[in-house]
Amino acid sequence: MQNFYEIDYKFATNDSYTNQEQVDGLLDNYSTTHSPSRKDLLDDIKANFPVYTDQTGKVRILGSERALKIMNQITDHKTDKQLSLKDLTQIDFKLIPPSTNYEMYFVEDGQNARTSYNAKDTFLDNYSLAKHANYLLQNNKKQNLLNDLNDLQQTANLSDKQATYRFIDINGTHYLRAIVSNRYKFYDNQIALYMAISIISKYSAEHKQDFILKSMTVTDSKLYTYFLEKSPIKLNKNLTIQTGLVLSNSELGDGSASFKVCYTIQDNNNNRVVGLTDQIANINHGNNPMSIEKDFKNLQLFEEQRRDIIQAVRKVQWTKKLTRDDLDIISYLISHMQSPLPKQLKAQMAKCIDPNKLLGKSYTLMMLFNKFNSFIQNEDPNIQLIMEARISRWLSRFVK
C-alpha cells in the first residue's frame, strides 16, 4: 500500500541553522507521540550521541531549523504492544477495493484494528500460513482460513507466542503497520534523525566543514534525508562537486537505518547528476545505542571515500560528445535494469537515447545523465536510492 502521508522538505537559500533545543525537540516529540515513551532509550541516545554546536549555539547544518520544525509537527500517535495470537479476537479478512488485496481486521484490548503495509503477511508468516491464506482468500474460502486460525488459537505453544505489534492511529483508525521481534530496538524516524544530526555535527566540528540538509522526505513510517557539504569543490572551470551523506530509515522492521556517501555534480549550465556509493555505517534495530555509536567510527571513512569520489569523478568524460558506441552501452545498461524499478522510468530513460535525436547534436554525457536525473527525482525515495547507486556504477564506464 501507499504511505498514509508523505512530507517533503527542500532546502531554500534563506533556510537557517538549528540549535540544541530544537534538536532535543525530536526526542521530546518521540516521547509524547509514542506509547511507551521509552525514557531509558532516549536517555541512552542522548548520552551516546551528543550534539555539537558552535560558539553561538548553532548546529552547523543549514536547513536543519526548518526541517526539524516540519518533523516536529508530525503528531500521529504510535503504539507498540506485546501481543500473542490469543490476544486477538473477531479476526476477519476483507477485500480492499478497488484492489484485489485483502487486509486483516481484528480486535485487541477492546479496540478495533486493521492491518496495513505488509503486516497481514507478516502475521500469517509467523504461523507459516501466508501462501496458503492468499490461496484461500483468492478462491472464496475465507472460512477455511478463519478455521485454521481458530485451531491455532487453541494450541497453547502457538497462541502464547508473543511479538511486538506496531500500531499507528490515522484519522481515527487503528492500523497495525508492522510486527517485529522482541529484540527490536525502536530507532524510529525522530531518533534516527537525531542520531544523524549528532554524527554530522561532530564531523562538522572536527573538520570545520558546514553541511546543508539538502532534502528530506518523511512518511508515517520512513525517512530519507540528504546532507551535503555546504561548499562545492571545483573540479574544473565548468564542474563542481558536493559530497555528503544520505540517511534512510524504516520503522517497519524491514532493514536497518543506513548511511551512504552521496554526491552531486553540477556544471555551469545547471546540468546535475546525483550519485550514491557504499554504506559506511548503519543503525541496526537490534543493537543498543553504545554499539551503534562504535559503528559510527566508520564515518571516518567518509573523508577517505570523499577523496576517492572526487578523484574518480575527475576521470569521467563529462563533456565528450556522445558516440553511437556510447549510446549502445547506455542502452544495454538500461535494458538490463531489474525490478523493482518502474517500467515507466525504464521507458523514459530508453527514449532519451534515440541516436537519431542525439548524434550530431553535440550531446554530452553530462547532458544525458542530467535528463536521467530529472526522471529519477520524481520517483519514490527508495527507487531514487537504487538508481543513484546504479548511476555511479554506470559512470565508471566513461572514464578517460
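A residue counts as buried here when its relative accessible area is under 20%, as exposed when that figure is over 50%, and as partly exposed in between. By that yardstick Tyr117 is buried, since its relative accessible area is 14%. Keep in mind that you're looking at a predicted model. Of the chain's 400 residues, 50% fall into the buried class. Here's a quick tour, going from the whole chain down to single residues.

**Overall build**

- Counting up the secondary structure gives 15 helices and 17 strands.
- The radius of gyration comes out at 24 Å, close to the 21 Å from the globule rule for 400 residues, so the chain is as compact as a globular protein of that length.
- If you want a box for the C-alpha atoms, think roughly 75 × 55 × 35 Å along the principal axes.
- Take the contacts between residues at least 6 apart in sequence: 68% of them join residues at least 24 apart.

**Surface and charge**

- About 19,100 Å² of the chain is exposed, and 45% of that area is supplied by carbon and sulfur atoms.
- On the charge side, there are 50 positive and 45 negative side chains.
- The centres of those two charge sets sit 8 Å apart.

**Aromatic pairs**

- Searching the whole structure turns up seven aromatic pairs.
- One of them is Phe4 with Tyr117, an edge-to-face pair with 5.9 Å between the ring centres and 85° between the planes.
- Phe4 belongs to the segment before strand 1 (6-10), while Tyr117 sits in the loop between strand 9 (111-115) and helix 4 (119-125), so this pair ties together parts that are 113 residues apart in sequence.
- The two partners fall into separate burial classes: Phe4 is partly exposed at 23% relative accessible area, whereas Tyr117 is buried at 14%.
- Another edge-to-face pair is Tyr203 with Phe211, at 5.9 Å centre to centre and with planes 80° apart.
- In that second pair, Tyr203 is buried with a relative accessible area of 9%, and Phe211 is buried with a value of 1%.
- Back at the first pair, Phe4 and Tyr117 join Tyr175 in one aromatic cluster.

**Cis peptide bonds**

- Going from Ser35 to Pro36, the peptide bond is cis, with omega near -5°.
- You'll find Pro36 in the loop between strand 3 (34-35) and helix 2 (39-48).
- The bond from Pro97 to Pro98 is cis too, and its omega is near 5°.
- Pro98 is in a loop as well, the one linking strand 7 (88-95) and strand 8 (102-108).

**Positive phi outside glycine**

- Asp109 isn't a glycine, yet its phi is positive, at about 50°.
- Look for Asp109 in the loop between strand 8 and strand 9.
- With a relative accessible area of 69%, Asp109 is exposed.
- Asn171 also has a positive phi of about 50° without being a glycine.
- The loop holding Asn171 runs between strand 10 (162-170) and strand 11 (173-180).
- Asn171 counts as exposed, since its relative accessibility of 80% clears the cut-off of over 50%.

Conventions: Residues numbered from 1 in each chain as written. Predicted model: local features only at pLDDT ≥ 70, side-chain atom pairs only at ≥ 80, totals over all residues. Heavy atoms only, no water. Helix = DSSP H or I, 4+ residues; strand = E, 2+ residues; numbered from the N terminus. Rg over C-alpha atoms; globule rule 2.2 N^0.38 Å. Buried < 20%, exposed > 50% of the residue type's maximum accessible area, 1.4 Å probe, protein only. Contact = heavy atoms within 4.5 Å. Areas by Shrake-Rupley, 256 points an atom, 1.4 Å probe, with all protein chains shown as cover. Lys, Arg positive; Asp, Glu negative; His and termini not counted. Charge placed at Lys NZ, Arg CZ, Asp CG, Glu CD. Phe/Tyr/Trp six-rings, centres within 6.5 Å; stacked < 30°, edge-to-face > 60°.
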